[in-house]
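These notebook entries record what I looked up in the structure, topic by topic.

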Amino acid sequence: MPAAVPILTFHGLESPRSLVGFPPALFRRCLARIAERGWRVVPLLDLVGCLERREPLPDRSLALTFDDGYASVARHALPALAEHGMPATLFVLGGTQASLHGRPLLDRGALAEAVAAGHAIGAHSLTHPDLTRLAPAAAEREIAGSRAALEDALAVPVEAFAYPRGRHDARVCELVGRCFRCGCSDRLGLAGAGSDLLALPRVETWYLARRGLVDLVGSPLLPAYVAARAVPRGLRRAVRA
């Protein structure tokens, strides 16, 4: 049984690659490698349930997440996921904006189609602010309000949260814990028994967005690669904090 499992984080799917864009061809290659190697994509909340109950994590498993809710996810990711029967969690904004970082976002109709296809919806705040810089009342509105807005619009439970820009602190985590079963951070690492459910580590796929690197998914080399990349990333974050 694995000590920890990867939770892969994608944003949009586009070429060339960018900080929020993973090439669609590489995404399809990633899913193919997962399937060929006999790995199983499981819903994020299934992994969370194992951690909550302190049960063994499923062997040869991983979870797929998408932050921000870009429209390119519906165009490129959802059809590829359907081909392989793989579920994902889409962390989307609860506000009414139609775009983010100059890229169009999924509308409510597209989100409803994703739900009907078996994907889960998570919250990513209302407007994508740095929650650590907001007053407590404003941060609470962004967090609790995003869940309420999405549940009202889609009529499904929204139980997971991803921190905008990965920014969180103890106060923000406490607010998230009032509303959600888990919070997903952008700390680079694998999720396991010692992970904080309100700051789950994930694998940012920016570090896999090349042909040779994406083949590490489902490989025994992935944990070592992630650990090696986490050191400089952590140092950069500490300097900026």
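**Entry 1. Core**

Which residues does Phe27 touch, not counting residues up to four places away in sequence? I noted that the model is predicted, and then listed the contacts of Phe27: Phe10, Leu13, Phe22, Phe66, Ala77, Ala80 and Leu81. I next looked up the largest nonpolar core, which has 53 residues. Phe27 is among those with the most contacts inside this core, together with Phe10, Leu64, Phe66, Leu81 and Leu90. Another core, of 17 residues, lies apart from it and includes Cys50, Phe91, Cys182 and Leu200. As background, I recorded that nonpolar side chains tend to be buried together in soluble globular proteins.

**Entry 2. Helix 5**

I then turned to Ile143, which is found in helix 5 (residues 136–154). Is Ile143 buried or exposed? Its relative accessibility is 0%, so I entered Ile143 as buried. Beyond four places in sequence, Ile143 touches Leu131, Phe161, Val172, Leu175, Val176, Cys179 and Phe180. I also looked up His124: its C-alpha is 7.8 Å from that of Ile143, and the two residues are 19 apart in sequence.

**Entry 3. Cavity**

I asked how many cavities of 30 Å³ or more the model holds. The count is one. The space in the largest cavity is about 60 Å³. Its lining draws on Phe10, His11, Arg17, Ser18, Leu19, Val20, Gly21 and Phe22, and on Glu204, Thr205, Trp206 and Ala209. By class, I recorded six nonpolar, four polar and two charged residues in this lining. Two residues of the lining, Phe10 and Phe22, also appear in the contact list of Phe27.

**Entry 4. Salt bridges**

The count of salt bridges comes to 13. I looked up several of them individually.

Glu14 pairs with Arg103, with 2.8 Å between the closest N and O atoms. Glu14 lies in the loop between strand 3 (12–13) and strand 4 (21–22), and Arg103 in strand 9 (residues 103–104), so the pair ties together parts 89 residues apart in sequence. Glu14 is partly exposed at 22% relative accessibility, and Arg103 is partly exposed, with a relative accessible area of 22%.

Glu52 and Arg181 also form a salt bridge, at 2.8 Å from N to O. This pair links distant parts of the chain, 129 residues apart: Glu52 is in helix 2 (residues 44–53), and Arg181 is in the loop between helix 6 (170–179) and strand 12 (182–188). I entered Glu52 as partly exposed at 35% and Arg181 as partly exposed at 29%.

For Asp130 and Arg133, the closest N and O atoms of the salt bridge are 3.3 Å apart. Here Asp130 is buried, with a relative accessible area of 10%, whereas Arg133 is exposed at 70%.

**Entry 5. The network at Asp215**

Which residues are linked with Asp215 in a network of salt bridges? They are Arg29, Arg33 and Glu36. I placed Asp215 in the loop between helix 7 (211–214) and helix 8 (222–240). The relative accessible area of Asp215 is 18%; the cut-off for buried is under 20%, so Asp215 counts as buried. Leaving aside neighbours within four places in sequence, Asp215 is in contact with Arg29, Arg33 and Arg37.

**Entry 6. Helix 2 and backbone angles**

In helix 2, I listed Leu44, Leu47, Val48, Gly49, Cys50 and Leu51 as the buried residues. Cys50 is also among the residues of the 17-residue core.

I then looked for uncommon backbone geometry. Most residues other than glycine have a negative phi, and most peptide bonds are trans.

- Arg54, just after helix 2, takes a positive phi of about 60°. It is found in the loop between helix 2 and strand 6 (61–68), and at 79% relative accessibility it counts as exposed.
- Asp68 has a positive phi of about 90° although it is not a glycine. Asp68 lies in strand 6 and is buried, at 4% relative accessibility.
- The peptide bond from Ser15 to Pro16 is cis, with omega near -5°. Pro16 lies in the loop between strand 3 and strand 4, where I had also placed Glu14.

Technical notes. Residues are numbered from 1 along each chain as its sequence is written. This is a predicted model: local features need pLDDT of at least 70, side-chain atom pairs count only at pLDDT 80 or more; totals for chains, interfaces and linings use all residues. Side-chain values use heavy atoms; hydrogens and water are left out. On a 1 Å grid over the protein atoms alone, a cavity is a set of points where a 1.4 Å probe fits but cannot get out, and a pocket is an open set with protein on both sides within 12 Å along at least five of seven lines; lining residues have an atom within 4 Å of a point. Grid points are joined across faces, edges and corners, and a volume is the space filled by probe spheres set on the points. Ala, Val, Leu, Ile, Met, Phe, Trp, Tyr, Cys and Pro count as nonpolar, Asp, Glu, Lys and Arg as charged, and the others, Gly among them, as polar. Helices (H or I, at least four residues) and strands (E, at least two) are DSSP runs, numbered from the N terminus. Buried means under 20% relative accessible area, exposed over 50%, partly exposed in between (1.4 Å probe, protein chains only). Contact means heavy atoms within 4.5 Å. A salt bridge is a side-chain nitrogen of Lys or Arg within 4 Å of a carboxyl oxygen of Asp or Glu. A nonpolar core is a set of buried Ala, Val, Leu, Ile, Met, Phe, Trp, Tyr and Cys residues joined through side-chain atoms within 4.5 Å.
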